[in-house]
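Colleague: I would like to learn how to read a few features of a protein model. Could you take me through them one by one?

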Amino acid sequence: MSYFYELVNTYAKPFTSAFYLLFFILLLSFLLRKTKNKKASMLIIIGFSAVFYFIYILLDASKSGSVWLNRLSNPIYPVVIFLVIPAMLFNKQKWYRYFLFIPALLIIFAFIDIYHHYSSAPEGIGFSWFLIRPGFLLPALVSFLIIVQRFTTLDTFRKTTRITMLILLLYGGFVFRQNFIDYSEALSRRKDMTADVMALNETVPVMKYDDQLVYLPAAPCRFSQDGGYVQGCVMELFQRIMQLDFRKVASGNPSETSLLAIAVAAFLALLILLYIGARMWCGWICPLSTIGDALDFIRRKCGLPHLKPSRPIKLAYFFSGLTLATFTLFLAKLYPRIDENGKFMGCKIPLYPFCKICPGQQVCPVASAGFDQYPPVPGMEWLFGFFRFGVIIMLGIFLIGFMTARKLWCRFCPMGMVGGIFNKGGMIALKKINTKCNSCGVCSEVCPIDIQYVQMEMEKKDVSNFDCVYCLKCVDKCPQDKCLSFEFASKNITESDFTGKEK
Amino acid sequence: MKDQFNDSYKIEIGYTDNPGNLKKQYFIEDQQKHIQSEIVNRPSNIKFFEDIIYRRDFSEKLKPRVGYFCNMIPVEIILALDAEPVRLDCGNSATALVGEEVFSGEICPLAKASFGSLLRKGSLTDTCDIFIVPTSCDAKRKMGEFLSDHKPIFMFNLPHEKNYSLYSKFSYEEILRLVDFLSSHLKSKLSRKKLFDIIKLKQKQTTLLRKLQEIRIKMPEALNISDLFLIVQSSLFYPNDLSQWITETEKVLEEISEFKPERKNLRPRIVLTGAPMVWPNFKVLNIIDECGADVVADTLCTGVQSCFDPVVIDEKSKKALLRALINRYVFASICPCFISQTSRINRVLDLVEETKADGVINYSLRLCQIFDLEKYRLDKVVKQNKITYMNINTDYSLEDKEQLRVRIEAFLETL
């Protein structure tokens, strides 16, 4: 098995590069917009892949080139290219059997891999059975979702995706460990009790390849016990960039420079993921939002009504989210100036100031490993109690935001705001055929973020907007056939079909 | 102020007993009945729907009867409160003459006829316990006060603009008032569970009508338009049992989906839009049918459009259910009483595209200002889209029947 994996790993390496994904999606969106000839497009893509493969091999031969290429490679990218995008673009009726063949193979491989690890690991270790190579696990999960998608409604499919991703992002952290030695190493580092409540390595994701960082545009918290499949959220990356000491970079300090290089690589990869998914990461993958939706589910089951926040409250939410993010990012900038007591001008400043007030850091660890993992509340010595009250207020807002007003939190979430920038002009879009609309308001009613723009807009075709998380509820529920549609690279993926659903 | 009208200047009701007029009313109904009985291809269980519509004695009622006007009153609430909803819009030209005794002659025949039927003892309108009237047009808005002399009445205030962000809250408060009014007069409480079940039942009606429409678009000869209108209106205008109606309509659907036309249908296809046509006022429908054209789709609030929009439920709390009702009854409406006619034109153009229709006929009721004023833009836009268009301006009376026939024949020649 490991021989097979190594073989694939060596020869498929160019396809794990973020550059391949970048060029692939650019070419794809260009081809989908310009030509209708499918065969020619396929040939162009295959030709491009061959050229890219050749260039990659050449670059990989040089030393600095291979370091950079390594930083930008991750198993997520080939999964997106070879499973997610074909599953969206190809005719589902015609190609379904091919989608079954590859996934079935992958799932079998994943099971063999789990069995292999399980039989070789010593007994009595909790999650040791979960050791599995990401190259198997990721495609297996994604192909499982592709298979599920065929048999379920859009609503059930979204829920399945969310739960699968929640499990992956909160419990799947150990899959990056290649074997049991890595696993025990990670455990020993995690048990470092000398670390302060604010210290960096309290639950830092320990990865074998420390310079291959992937940040998701959603909020997969880096503090969750078995998390670490990805490095963390957008805000974590931004804080990391802010913490860099640029005086050291200027003087050519090698460790600081390599930190900058890693961050730049991670940022580039993040931009590519954002361009593909925009805020769809929030609506379909984000574990924080999934946990919030569990609260929402309880409210629904109890038959309680939801509040609709008024316009000023929404605006206040938006700007306070923005202000908090900016303020905490500037606090992160103080990190290089902290003295040996861990203080700056007499106050203690944490390494990751935003994480200290973010409810994700409170909620995700609890969801992943029970209430034992609840992080201690910061004391009053941290910036005059700013973090102490901040964490309590933000957690309160998170819980109330999800329990009473559906996704009130999401219009406030700084992690999502970054995705919102790409909502218009990215690969995905929400389209509306205005002549089919009778402005009945169903889309406004079902929208978890209370977007009324989709209903009110009667002239423009593109109705994507900043707050939208692409949960596609409006497309699902719209009573006018073909009125609303979801597009990927200007190709229609799904559209509202009321009559079809009733049959 | 709790009630919308006070009793300070109440005027005693003056019932009119006019046997000649009643005879004329029945004659008009019988005439329509006769015309419809000669349709070639009728569903086998049309008797069920006819029995509902041809009923003349309404004195016995099992539940309190709530009469309402227009297509903008949430019927689900009335049903959930264990009452019987009856839509009171009347289409009989003889009744309109009775109404003229109170109203002036310059009011639209629909308002006159609806009010006129109240003035006869034992009519359907007279047996209602409560009225609900939306403020959709001027005639309806002012008619409320006339009706308030007779029975408790609630005026349902509609926004003038379909601006969701501004008026959704307003409409929600208005619907809460309606619920309060109804539950205080009917002495029952609105339960969430019951409302949900009723909405589910009404959704079935919508789906059924959508399916009927779909089949009729493919082969309009499978079900005559007058019969379709009869089926739809029997569920709205007369006391009926909705679940029974659904089972019977399912039979109709089954029957017409197995229908195989003998020859190719070459009759021109028409999309009908405009003012409501209420049984027995099927004058225009009859003429179009006799002149050899098929009405494949309509946007009339008494036709398929009346139940075309479903109530979409997302959450099951009472508040959310009421909001879903508002969306369907207020914001999805394409009535010209709203300031913008975009959604109606959209609907017409969309139907023409969907049905591949040859022409559009706009039926504007004489003295109905809002439909009359909308005709200008509709005319221009439809013609811009290279679709043949004709406007018919008529009222309930049967006198201009032959003139209309000439005009419609000439119009069908141009297709």
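Modeller: Happy to! Let us begin with a term: a residue is called buried when its relative accessible area is under 20%. Keep in mind that this is a predicted model.

Colleague: Is A:Cys483 buried or exposed?

Modeller: A:Cys483 has a relative accessible area of 3%, so this cysteine is buried.

Colleague: And how many disulfides are there over all chains?

Modeller: A search of the whole structure finds zero. A:Cys483 has the sulfur of A:Cys478 as its nearest cysteine sulfur, 4.4 Å away, and is in no disulfide. A disulfide needs two cysteine sulfur atoms within 2.5 Å.

Colleague: Why is B:Cys90 without a bond to B:Cys108?

Modeller: Because the sulfur of B:Cys108, the closest cysteine sulfur, is 11 Å from that of B:Cys90, which is too far for a bond. B:Cys90 is also buried, with a relative accessible area of 14%.

Colleague: Let us turn to the surface. Which residues make the nonpolar patch of about 550 Å²?

Modeller: That patch is made by A:Tyr3, A:Phe4, A:Leu7, A:Val8 and A:Tyr11. One of them, A:Tyr3, lies in helix H1 of chain A, residues 2–11. A:Tyr3 has 66% relative accessibility, so it counts as exposed.

Colleague: Where does negative charge gather on the surface?

Modeller: Look at chain B: B:Glu250, B:Glu254, B:Glu255 and B:Glu258 form a patch of negative charge there. B:Glu255 sits in helix H10 of chain B, residues 242–257. With 32% relative accessibility, B:Glu255 counts as partly exposed, a label used between 20% and 50%.

Note on methods. Residues numbered from 1 in each chain as written. Chains lettered and ligands numbered in written order. Predicted model: local features only at pLDDT ≥ 70, side-chain atom pairs only at ≥ 80, totals over all residues. Heavy atoms only, no water. Patch = residues over 30% accessible without salt bridge, like charges linked within 9 Å, V, L, I, M, F, W, Y side chains within 5 Å. Areas by Shrake-Rupley, 256 points an atom, 1.4 Å probe, with all protein chains shown as cover. Salt bridge = Lys/Arg side-chain N within 4 Å of Asp/Glu carboxyl O. Lys, Arg positive; Asp, Glu negative; His and termini not counted. Charge placed at Lys NZ, Arg CZ, Asp CG, Glu CD. Helix = DSSP H or I, 4+ residues; strand = E, 2+ residues; numbered from the N terminus. Buried < 20%, exposed > 50% of the residue type's maximum accessible area, 1.4 Å probe, protein only.
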